[in-house]
Amino acid sequence: MTFLRIDPRLVERLRDALHVVIFTGAGMSAESGVPTFRDRMTGLWARHDPQDIATPEAFRRNPQLVWDWHVHLAESVRAATPNAGHRAIAALQDLVQQVTVITQNIDGLHARAGSREIIELHGNLLRLRGFRDDDGRQEGLRLARPPRPCPLCGARCAPPGAWNPDPGLSLAGFGLAAGPVPRCPKCGARLRPDVVWFNEMLDPDLLDQAWAAMENCDAVLCVGASLEVEPAASLPFRALECGHAVIEINPAPTALSALADASVRGGAASALPRLVESVWGSAQGPGE
Ligand code: OAD
Ligand code: ZN
């Protein structure tokens, strides 16, 4: 493995860091075979308008189209395995006191690589929840609402009297699979992937945790993120404002490149293990 040339003072700052945040975007998983969103040729948004397949309005309009697109994406996620970059991040847990992964990715590959503290800002594709009538509706629910959300899927769509009283019901058998859009066996709501679509809010608790991590850490590695989607895009800049060391790893420049303490032009699977090796001396991860 060839070492990266990094300013020795920066290496020192990284070695002294007690809490390292790894902030990742779709480029993190590109070499695992999961397509990115904004690549001009192969990106997911090169072939589809996100308004047609990644918004609550699209699901309301044509749930089957939206479901089928996510089933297709889930197939590439299930076929993917964590790459050497994911494993290097997991290995960092043995070298640094605290490692927090903040990811925009919905593929679950950080957990599969062995990372333990993970904030999934945009949800997880392989988890389902009930579609709520107020999903994506800024003005709130206009329909009559049951007093509490469905205990199985979280939806607030059917009057409680209509819920199936069978106590043995569960969502365990449901997943993103080809076929009709499934419905919650308790309340009848359509099930949807538990991801954040356009026009939807991020979970405020997760966002708070991510802000706090950026403010309280010592160093941030920003990997494979185009930094074009708010509010996630602002997070690494918060760490810069706080005076923490920020290093970017991305084959293409972003708005962060000129401001970061170092900008490494390379792919996550090769540059990240080299960075970890160069700074901390080992990148052998537990792997899958
Ligand atoms: P993008 O598709 O916008 O950007 C991918 C980034 O990865 C780009 O900056 C590429 O240069 C970089 N990249 C490509 N190959 C790489 C590699 N092998 N190693 C490292 N970097 C590489 O993806 P995101 O920034 O994640 O939102 O997009 C942010 C959000 O937009 C996504 O979470 C998604 C999307 O709409 C939701 O699903 C809510
Ligand atoms: Zn339900």
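## Two domains and a shared ligand shell

Between domain 1 and domain 2 there are zero residue pairs in polar contact, counting pairs with both residues at pLDDT 80 or more. The rule nevertheless finds two salt bridges across the interface of these two domains, in what is a predicted model. Ligand 1 has a shell that draws at least three residues from each of domain 1 and domain 2, and the protein is divided into these two domains, with bounds of 1-33 + 82-122 + 202-288 for domain 1 and 35-79 + 126-195 for domain 2.

**Domain arrangement and interface**

- The centres of domain 1 and domain 2, taken over C-alpha atoms, are separated by 30 Å, and the contact takes twelve residues from domain 1 and eleven residues from domain 2.
- Domain 1 and domain 2 bury about 840 Å² between them, and carbon and sulfur atoms carry 59% of that area.
- A salt bridge is formed by E120 with R127, whose closest N and O atoms are 3.9 Å apart.
- On the side of domain 1 that touches domain 2, the residues divide into four nonpolar, four polar and four charged.

**The shell around ligand 1**

- There are 22 residues around ligand 1, of which A26, F37, R38, S226 and N250 come nearest.
- By residue class, the shell around ligand 1 divides into eleven nonpolar, nine polar and two charged residues.

**Polar atoms facing ligand 1**

- The side chain of H122 places an N or O atom 2.8 Å from an oxygen atom of ligand 1.
- An oxygen atom of ligand 1 also lies 3.2 Å from a backbone N or O atom of Q104, while a polar backbone atom of G27 is 3.2 Å from a nitrogen atom of the ligand.
- Of the 800 Å² of accessible area that ligand 1 has on its own, the protein covers 89%.

Key: Residues are numbered from 1 along each chain as its sequence is written. Chains are lettered from A and ligands numbered from 1 in the order in which they are written. This is a predicted model: local features need pLDDT of at least 70, side-chain atom pairs count only at pLDDT 80 or more; totals for chains, interfaces and linings use all residues. Side-chain values use heavy atoms; hydrogens and water are left out. A residue is near a molecule or strand if one of its heavy atoms lies within 4 Å of it. A polar contact is a pair of N or O atoms within 3.5 Å; within protein, one must be able to donate a hydrogen and the other to accept it, and residues adjacent in sequence count only if both atoms are side-chain atoms. Accessible areas come from the Shrake-Rupley method with a 1.4 Å probe; for residues, only the protein chains shown count as cover. Ala, Val, Leu, Ile, Met, Phe, Trp, Tyr, Cys and Pro count as nonpolar, Asp, Glu, Lys and Arg as charged, and the others, Gly among them, as polar. Domain bounds come from an automatic or database domain assignment. Contact means heavy atoms within 4.5 Å. Buried area is the accessible area (1.4 Å probe) that two parts lose on being put together, summed over both. A salt bridge is a side-chain nitrogen of Lys or Arg within 4 Å of a carboxyl oxygen of Asp or Glu.
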